[in-house]
Structures are given as C-alpha cells and as structure tokens.
Amino acid sequence: MVRPYDADFMKMALALAARGLGRVAPNPAVGCIIVREEEDGPRIVGRGWTQPGGRPHAETEALSRAGEAARGATAYVSLEPCAHHGQTPPCAQALIEAGISRVVVAITDPDPRVGGRGFALLEKAGIEVEDNVCALEAHLLNEGFFLRISDNRPLVTLKIASTLDGRTATHSGHSQWITGDEARARGHLLRATHDAIMVGSATAIVDDPELTCRLPGMSDRHPMRIVADGRLRLPLTSRLVSTAKDVPLVILTHPGGDTERRKAFEGCGVELVDVASDKGGAMDMRVAMELLAERGLTRVLVEGGARLASSLVQARLVDRLEWFRAPTLLGGDGYPAIASLGIGRVGDAPGFLHTHSMQLGADTLSSYVYRS
C-alpha cells in the first residue's frame with residue numbers, strides 16, 4: 001500500500017541518483033534511501049547512489065550506511081533492483097539479506113537481465129513491493145539508459161548559445177562571448193552531467209576548444225570529447241588532440257582516408273571511429289550514435305556547429321534542446337545556430353515542447369524536449 005510520504009522519499013532518492021549523471025555509464029544513475037518507521041515518524045537511516053564507474057550500486061551504498069538499522073526498514077530505490085550476477089552480486093538479494101521489509105521503486109528496469117526479475121525475487125522473499133512511484137521523473141532522469149536499450153543509441157542533448165535571432169557568430173566569424181559568465185557556467189554544468197561532448201570539425205578548428213568541465217569542485221568530471229570530422233581536418237596541434245592522452249578524444253570519420261594521417265592521430269592517443277555514409281555522402285548520424293552506444297555512452301551533449309546540429313535534427317536524433325539566448329541581435333549576415341533543414345512546409349518542421357526557462361544574468365536558458 002502506497003503511503004502518503006512515499007513520493008517525498010522517492011524524490012530524495014531521485015535527487016541522489018542525479019549525482020551520478022555523466023559518471024556511471026553504461027550503468028543507470030540510481031539513488032536509494034533507507035527509512036525506518038519510528039514513534040515520532042519515519043527517519044532516514046541510510047543513503048546511497050551509484051558510484052563513479054557504475055559501482056558500487058546505490059542499494060549497496062545505502063545498506064552499508066544503514067547497517068543493522070536497515071532490518072525491518074523501507075528501501076526507496078529509483079530503479080528496480082538488479083537480480084542478476086554481474087561484476088557485483090544482485091542488489092535485490094542484498095536487500096533481502098539486510099532484512100528490508102518493504103521496497104518502493106520508481107520504475108521497472110528495461111534491461112532484459114532484470115525486467116521484473118528483481119521484483120519477483122523480492123516478493124518471493126516476502127518483501128512488500130510498491131512500483132511506479134514518481135515513474136515519469138525516473139524515466140526522464142535515466143532516459144539515456146533506456147534509449148540505449150530500446151533504440152541502441154544514447155540520449156542526445158543539443159546545446160545552443162545564440163543571440164535572440166538565432167545567430168552564433170558575426171559575419172566575420174567572431175563569437176566570443178555571445179553569452180555571459182553565468183550562462184557559460186551553466187553550460188559547463190551540462191558537460192558534467194553527460195558522458196560525452198560532441199562538436200563538428202568546423203567548430204573544433206575555429207574555436208580550438210578543450211571541451212572540459214571547468215567548474216570549481218568538478219575538475220575530475222571530464223566527459224569523453226567527440227569530433228565529427230569526416231575528412232580528418234582537425235589539426236594535430238589542436239588542444240583537443242594534444243590532450244587526448246589525458247582526456248579521451250574520439251573522432252568520427254569516413255572509412256579509409258590518408259593512412260599516415262590516421263596513424264598520426266592514433267599515435268596522439270585519438271580513437272578513430274569509422275562511420276558509414278548516408279545517401280547524401282555525409283556521415284550517417286544514426287549509425288554514429290549506435291557506435292557510441294556500443295562504447296557504453298548513454299548521454300551525449302552536442303555543442304556545435306550548425307551543420308552537425310542540422311544533421312542530428314533532420315535524423316530526429318535530438319531528444320533535448322538547451323537554448324541559451326543573449327538579449328542581442330546580429331542580423332541575417334551572422335552565422336545561424338542550425339544550418340539548412342530543407343523544410344518545404346511549416347507542418348513538416350520538427351517540434352519541441354518547452355519544459356522550463358531560467359534567467360542567467362542577462363541571458364535566458366530555455367529547455368525543450370522533442371515532441372514525437
């Protein structure tokens with residue numbers, strides 16, 4: 001039976017789970033809270049979330065902190081506890097052995113190795129199980145994990161920083177800085193919650209970025225960097241290549257090409273991933289995303305440029321859109337945030353649903369999800 005405070009504790013578990021985003025792939029980011037019923041009301045006795053690298057799991061962490069206080073308590077878990085033996089024992093079995101009497105879960109694990117088996121194991125042991133508590137929030141949190149299983153691709157977030165008229169640079173190519181310090185800091189936070197950051201070759205060449213997370217206290221959060229560079233134009237002297245042995249760099253490119261140049265990139269620590277071409281001769285972005293999913297990625301943040309954004313939008317691969325807008329105008333001779341989409345009718349335009357907005361200094365961040 002669902003209790004009045006179940007949703008409140010589950011939201012706490014989801015908040016803990018979010019700490020793992022960008023650090024636990026290919027595993028899901030899970031949170032767990034152990035709660036005891038006492039005379040003066042429920043009391044939290046243990047907290048846990050999936051640790052960097054994907055283990056220990058959230059339940060193991062929470063049970064370790066709760067100790068003997070877990071016996072007879074309720075466990076709030078943001079995803080169905082695993083029931084299979086992997087690199088760690090099943091979390092469902094750990095909950096049973098700890099003496100947990102009730103388990104409240106947000107959503108079923110879509111992994112075919114779990115998919116209801118965790119619930120069955122708990123119920124067989126006589127543990128009361130409640131499911132679908134804050135299920136929508138749990139799905140949104142781990143959407144990348146779910147997409148990797150259902151569609152064999154990661155969640156794709158397109159981040160754009162532009163003027164009010166959708167321009168990312170002047171006609172001369174000058175772009176630093178369109179948005180202010182607060183917006184850029186928020187952009188770095190987005191980097192920290194994704195497994196990889198992806199840009200097109202033009203952006204990588206013109207801006208020569210490092211694509212690292214430079215927020216205080218998050219210096220260890222450096223997602224994989226990815227450059228879509230079909231012709232291997234990226235200079236070997238670029239900051240991305242020169243740091244490839246410290247922070248992983250993957251270049252998506254056409255098969256073949258100059259053998260010596262490929263060897264030079266690999267000698268710098270760069271991983272080259274060959275991507276088949278689509279009908280137009282460009283790299284097939286759906287194939288590219290499938291290859292990234294095979295490498296365990298669940299969340300990819302795309303930061304530019306216009307042609308890469310266009311190809312992803314046309315392929316219906318953009319799941320979330322984070323649009324930072326500065327209160328300025330550059331006009332029609334500026335560079336557009338998204339290149340041509342080839343849309344002849346307004347009704348054919350891909351649509352997005354606005355979820356929320358926030359003010360960041362003088363700039364505005366608007367968040368959207370794809371409307372399928």
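Two strands count as paired if DSSP finds at least two bridges between them. The structure examined here is a predicted model.

**Exercise 1.** Work out the strand order of the open sheet with 5 strands, and find which strands lie at its edges.

Solution.
- Step 1. Following the pairing from strand to strand gives the order β2-β1-β3-β4-β5, in an open sheet with mixed pairing.
- Step 2. An edge strand pairs on one side only, and this holds for β2 (41-49) and β5 (128-130).
- Step 3. On average, neighbouring strands of the sheet are turned by 20 degrees against each other, with direction ignored.

**Exercise 2.** Describe how β4 and β5 pair, and state which residue of β5 stands opposite Val104.

Solution.
- Step 1. Strands of a sheet pair through backbone hydrogen bonds, in either a parallel or an antiparallel sense.
- Step 2. For β4 (residues 102-105) and β5, the sense is parallel, over 3 bridges.
- Step 3. The residue in β5 opposite Val104 is Glu130.

**Exercise 3.** Place helix α1 relative to the strands.

Solution.
- Step 1. Helix α1 spans residues 6-18 and lies across β1 (31-38), β2, β3 (74-77) and β4.
- Step 2. Its direction makes an angle of about 145 degrees with β1.

**Exercise 4.** Characterise the second largest pocket by its space and its lining.

Solution.
- Step 1. The space in this pocket is about 560 Å³.
- Step 2. Its lining has 21 residues, and Leu190, Arg299, Arg320, Glu322 and His356 lie nearest the centre.
- Step 3. Elements that each supply at least two lining residues include α5 (135-141), α7 (181-192) and β13 (320-326); β16 gives the largest share, 4 residues.
- Step 4. Sorted by class, the lining holds 10 nonpolar, 6 polar and 5 charged residues.

Conventions
Residues are numbered from 1 along each chain as its sequence is written. This is a predicted model: local features need pLDDT of at least 70, side-chain atom pairs count only at pLDDT 80 or more; totals for chains, interfaces and linings use all residues. Side-chain values use heavy atoms; hydrogens and water are left out. Axes are lines fitted to C-alpha atoms, for helices over the stretch in contact, and angles run from 0 to 180 degrees between N-to-C directions. Contact means heavy atoms within 4.5 Å. On a 1 Å grid over the protein atoms alone, a cavity is a set of points where a 1.4 Å probe fits but cannot get out, and a pocket is an open set with protein on both sides within 12 Å along at least five of seven lines; lining residues have an atom within 4 Å of a point. Grid points are joined across faces, edges and corners, and a volume is the space filled by probe spheres set on the points. Ala, Val, Leu, Ile, Met, Phe, Trp, Tyr, Cys and Pro count as nonpolar, Asp, Glu, Lys and Arg as charged, and the others, Gly among them, as polar.
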